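Biologist: I would like a close look at one helical part of this model, then at what its surroundings hold. Please walk me through it step by step.

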Amino acid sequence: MVDHHVFAVAFGVLGNVISFLVFLAPAPTFYRIYKKKSTESFQSLPYQVALFSCMLWLYYALIKKTAFLLMTINSFGCVVETLYISMFLAYAPKKSRMSAMKLFGAMNMGLFSLILVVTHFFVKSSIRIQVIGWINVAIAVCVFAAPLNIMVRVIRTKSVEFMPFNLSFFLTLSAIMWFSYGVFIKDLCVAVPNVLGFILGMLQMLLYAIYRNSDKVVEEKKVPEETNNPIAGLSKLGSSEVHPIDIDTDTDNNTKQGDKENDPTAEPDEHHKSLELSSKLHLDESPV
């Protein structure tokens with residue numbers, strides 16, 4: 001006879017390990033914030049939603065009492081996300097800091113306290129676990145669906161630059177582990193949202209497989225258009241002899257680059273965009 005408890009523990013431990021790595025995925029983003037002493041255009045929303053999700057799952061695990069492996073990973077998640085948010089508040093400009101504090105007060109303190117009070121005092125103890133569980137399912141579905149805008153962008157731009165394969169892979173693997181854990185402990189509230197997480201993760205990797213070589217094609221097409229060499233441009237007109245002319249392109253380029261750095265409305269660089277959009281995928285990191 002198959003011992004379901006052994007399989008539940010095995011998948012739960014694997015889920016803890018993978019989710020531990022996923023929680024640490026934004027560390028390079030916050031190291032960048034620490035070095036620059038600025039949050040630039042990063043937002044606190046993904047980390048506040050992740051903290052809210054971890055708090056709810058921890059509450060569910062404490063009420064259920066038999067889901068120790070849910071307690072461990074979500075306790076770790078609460079600590080890590082709190083550190084991320086604290087660092088954001090420390091280095092964010094005044095306007096962004098105030099917005100983040102209002103969001104924290106409304107969601108992580110206000111809404112969580114409301115759920116806590118309502119489920120504890122106004123819901124019968126016999127159905128309390130089910131009510132909390134399905135609240136978590138509803139929020140988890142929203143969290144898993146959050147990266148859909150990144151997938152739409154990949155389809156529109158035919159570029160996977162802003163959708164890291166490693167993160168999509170580990171999120172899919174995490175969904176498999178927690179789905180299996182939910183099945184073996186016979187908990188639909190844990191298993192159900194991870195079905196959606198698995199499907200979306202597979203779609204992300206499918207999009208990566210389809211568009212992974214598109215970046216090179218786009219770059220190759222742009223090179224002739226963006227070149228600053230006047231000789232290359234004249235050579236397209238025919239095979240007539242062309243005499244090179246000295247042009248101080250370096251000075252012009254440096255001037256343009258300096259103007260771009262000084263212009264507050266300038267577009268952020270591609271590396272910055274990649275980090276910023278990758279942080280949106282962090283919404284999908286909830287372990288269950």
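Modeller: Start with helix H3, which is mostly covered: 16 of its 20 residues are buried. Keep in mind that this is a predicted model. H3 runs over residues 45-64. From its first C-alpha to its last, H3 reaches 29 Å, close to the 28 Å expected at 1.5 Å a residue. Just after H3 comes Lys 65, with a positive phi of about 70 degrees.

Now the record. An unreviewed UniProt entry lists "transmembrane region" for several spans, including 45-62, 68-91 and 164-184. Take 68-91 next. That span is 100% helix and 0% strand. Its end C-alpha atoms are 35 Å apart. Residues 164-184 are 95% helix and 0% strand, with end C-alpha atoms 31 Å apart.

What about the aromatic side chains? The whole structure has 14 aromatic pairs. One of them joins Phe 165 and Phe 169: the ring centres are 6.2 Å apart and the planes meet at 20 degrees, so this pair is stacked. The stacking call rests on a cut-off, planes under 30 degrees apart.

Where do these two residues sit? Both are in helix H8, residues 165-184. They are four residues apart, about one turn of the helix. Are they buried or exposed? Neither: Phe 165 has 33% relative accessibility and counts as partly exposed. Phe 169, at 36%, also counts as partly exposed.

Phe 169 has a second partner. Its ring and that of Phe 170 have centres 5.5 Å apart, with planes at 75 degrees, so this pair is edge-to-face. Here the cut-off is an angle over 60 degrees. Phe 170 is partly exposed as well, with a relative accessible area of 30%. The group extends beyond these three: Phe 165, Phe 169, Phe 170 and Tyr 208 form one aromatic cluster.

One more ring deserves a look. It belongs to Tyr 34, and the charged end of Lys 37 sits over it. The distance from that charged end to the ring centre is 3.9 Å.

To sum up, H3 is mostly covered, Phe 169 stacks with Phe 165, and Phe 169 meets Phe 170 edge-to-face.

Definitions and conventions:
Residues are numbered from 1 along each chain as its sequence is written. This is a predicted model: local features need pLDDT of at least 70, side-chain atom pairs count only at pLDDT 80 or more; totals for chains, interfaces and linings use all residues. Side-chain values use heavy atoms; hydrogens and water are left out. UniProt positions are given in the numbering used here, feature names are shortened, and annotations may be inferred rather than shown by experiment. Helices (H or I, at least four residues) and strands (E, at least two) are DSSP runs, numbered from the N terminus. Rings of Phe, Tyr and Trp (its six-membered ring) pair if their centres lie within 6.5 Å; planes under 30 degrees apart count as stacked, over 60 as edge-to-face and the rest as tilted. Buried means under 20% relative accessible area, exposed over 50%, partly exposed in between (1.4 Å probe, protein chains only). A charge sits over a ring if NZ of Lys or CZ of Arg is within 6 Å of the ring centre and within 35 degrees of the ring normal. The expected span of a helix is 1.5 Å times one less than its number of residues.
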